[in-house]
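Hi everyone, thanks for having me. I'd like to walk you through a structure, starting with charged pairs and ending with a few residues I picked out. Have a look at it first.

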Protein chains: 2
Amino acid sequence: MKQRPFIILSNDDGLYAKGLQTLIEILRPIADLLVVAPDGARSGMACAMTANVPVTLHRVSSVRGLRMYSCSGTPTDCVKLAIAQLLKKKRPDLVVSGINHGDNSSINSHYSGTMGAAYEGVMHGIPAVAFSLCDFNPDADFSPLQPYIVDIVFKAIAFGLPPLTCLNVNFPKAQKFNGVRICRMAHTHWDNEFTKARRPGIPGRYVYWLTGDRVSDEPQATDTDDWSLSHGYVAITPETLDVTAHQLIDVLKEVF
Amino acid sequence: MKQRPFIILSNDDGLYAKGLQTLIEILRPIADLLVVAPDGARSGMACAMTANVPVTLHRVSSVRGLRMYSCSGTPTDCVKLAIAQLLKKKRPDLVVSGINHGDNSSINSHYSGTMGAAYEGVMHGIPAVAFSLCDFNPDADFSPLQPYIVDIVFKAIAFGLPPLTCLNVNFPKAQKFNGVRICRMAHTHWDNEFTKARRPGIPGRYVYWLTGDRVSDEPQATDTDDWSLSHGYVAITPETLDVTAHQLIDVLKEVF
């Protein structure tokens, strides 16, 4: 790399989440950063965008090499605004999202606002990497991730991911990792997804809290992100935004 | 089919949107329906789910063959609740989402709550079809779609889509269609995505309205949903929920 990389950062746990603040600490020595993150938690927001009301954007700090903004919208809104409103001459080398407090592997990727931010970079032709730690604790220990994040960010910039692809990187909760594995997304599903609870104050009314258990549909497979995480490896899953089921096109032409 | 199909319906424009009410009218004569839809507009919600607060579910009507519920959550929440809380003995044959007021082809699929509802069915092993009309008008004319919807729903049930796949069906705004085409998702991107506007009441403050133009990255391609829609065809795009970029796995193993 000839010059300092320029990276857009976002997340879905909000600007002041420890995961994002850790990412800023890790990347600031090696890159210029534009941080645009939600003003609070936006977990489970996927690629949601704010369509019917306007969003706000507030500058939190602006020093050389680190500009930070807080946004009222979703992770997707944050990256859209960074690209559409806040870029100067320099084109970003990478969008980095996270570090998420919680597992975004397998089917969770579809719900993840962390992935939503990464996808948005890709949709604008910017390579993207999302980082998540399988630990929901707001005070989770992110220190073991540091050398891996630096390495993956440098390689993603130098290697330059192909159009329409990004990396979904998940770390197991551990003090030490067994290494890095390139994986496919495990096929899993969620079960027991709600807890029904009485609505205080209104007799006979109920509300539903999202809960649930993720169940593997292929517990024997060893080439998945699920397997890597449960065996102490950092799981790197390349994802594509071209979600066409190409293998079905000719089959469906016979049916429809 | 031996017996009347059983279909879960949802959408992202809300329970009382004309698109969903049209879908109910079209499908009620041929299927038993469980309708769970948001209590208002949830456009652009993608696969977002309500993670931090509970959601409510209200029975609007319950007659033989047509149960309807209104939900405070997202399209994803609606389908999750339908499956987790409202199913009796009979397993659904299909999840149908729509008819969306607006285009969900190409890159729009990633932001679409209509697709979010369909994806949720697939995640629970239920085949799913999403219908969208390229017309944002709340009073859009859905009547030309009727025979196509019946045909596609019957074929989707009879054919039984493979695991992890669903159909994203978009109709051009027209009184008559040139036929049906099986397509891949066009590669496009959004440009000029925000309109900056003064915040009334607070001098010097601005807000950002999501706007924008979708731009094709492959205007010559004829096998895409974009091409089909602009040439008067109904576009059926099969989508997969396994978003692994499989072609990248071996390449990345050399890099990381």
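So, to get going: how many salt bridges does a search of the whole structure find over all chains? The search turns up 24 of them. Before I go on, please keep in mind that this is a predicted model. The predictor gives the complex an ipTM of 0.95 and a pTM of 0.96. Chain A has an average pLDDT of 96, and 99% of its residues score at least 70.

Okay, let's look at some of those salt bridges. In chain A, Arg214(A) pairs up with Asp103(A), and their closest N and O atoms are 3.4 Å apart. The two partners come from distant parts of the chain, 111 residues apart. Arg214(A) sits in strand S12 of chain A, while Asp103(A) sits in the loop between strand S5 and helix H3 of chain A.

Is Asp103(A) buried or exposed? Its relative accessibility is 19%, and the cut-off for buried is under 20%, so Asp103(A) counts as buried. Its partner Arg214(A) has a relative accessible area of 24%, so we call Arg214(A) partly exposed.

Chain A also has a little network: Arg4(A), Asp32(A) and Lys90(A) are linked by salt bridges.

Now over to chain B. Here Arg184(B) forms a salt bridge with Glu218(B), with the closest N and O atoms 2.9 Å apart. Why does this pair tie together separate parts of the chain? Well, Arg184(B) lies in the loop between strands S8 and S9 of chain B, and Glu218(B) lies in the loop between strand S12 and helix H5 of chain B, so the bridge joins parts that are 34 residues apart in sequence. Both ends are tucked away: Arg184(B) is buried at 14% relative accessible area, and Glu218(B) is buried at 19%.

Another one in chain B joins the side chains of Asp39(B) and Arg42(B), at 2.6 Å from N to O. Asp39(B) is partly exposed, with a relative accessible area of 46%, whereas Arg42(B) is buried at 15%.

Next, the place where the two chains meet. What does each side bring? On chain B, 74 residues are in contact with 74 residues of chain A. People often describe an interface by the accessible area that is lost when the parts come together. For chains B and A that comes to about 6,600 Å², with 72% of it on carbon and sulfur atoms. Three residues top the list on the chain B side: Tyr208(B), Val243(B) and Phe256(B) supply 11% of the area that chain B buries against chain A, more than any other three residues.

There are charged and polar links here too. Between chain B and chain A we count two salt bridges. One of them is between the side chains of Lys80(B) and Glu193(A), at 2.5 Å from N to O. We also count 24 residue pairs in polar contact between the chains. Which element gives the largest share of the side of chain B that touches chain A? That would be helix H2 of chain B, residues 75-86, with six residues. By class, that side of chain B has 45 nonpolar, 18 polar and 11 charged residues.

Let me finish with three residues, one at a time.

Asn11(A) is in the loop between strand S1 and helix H1 of chain A. Asn11(A) is buried, with a relative accessible area of 1%. Its side chain reaches the backbone oxygen of Gly14(A) at 2.9 Å. Further along the sequence, Asn11(A) is in contact with residues including Ala37(A), Pro38(A), Pro75(A) and Ser97(A).

Then there's Asn170(B), in strand S7 of chain B. How much of it is accessible? Asn170(B) is buried, with a relative accessible area of 0%. A polar atom of its side chain lies 2.8 Å from the backbone nitrogen of Asn104(B). Its contacts beyond its sequence neighbours include Asp103(B), Ser132(B), Leu229(B) and Tyr233(B).

Last one: Leu27(B), in helix H1 of chain B. Leu27(B) is buried as well, at 0% relative accessible area. Among the residues in contact with Leu27(B) are Ile7(B), Leu9(B), Val96(B) and Ile149(B). And to give you a sense of distance, Leu27(B) and Asp213(B) are 34 Å apart in space, C-alpha to C-alpha, and 186 residues apart in sequence.

That's my tour. Happy to take questions!

Notes
Residues numbered from 1 in each chain as written. Chains lettered and ligands numbered in written order. Predicted model: local features only at pLDDT ≥ 70, side-chain atom pairs only at ≥ 80, totals over all residues. Heavy atoms only, no water. Contact = heavy atoms within 4.5 Å. Buried area = accessible area lost by both parts, 1.4 Å probe. Salt bridge = Lys/Arg side-chain N within 4 Å of Asp/Glu carboxyl O. Polar contact = N/O pair within 3.5 Å; in protein donor to acceptor, adjacent residues only side chain to side chain. Helix = DSSP H or I, 4+ residues; strand = E, 2+ residues; numbered from the N terminus. Nonpolar A, V, L, I, M, F, W, Y, C, P; charged D, E, K, R; others polar. pLDDT = per-residue confidence, 0-100. Buried < 20%, exposed > 50% of the residue type's maximum accessible area, 1.4 Å probe, protein only. Lists of a residue's contacts leave out its neighbours within four places in sequence.
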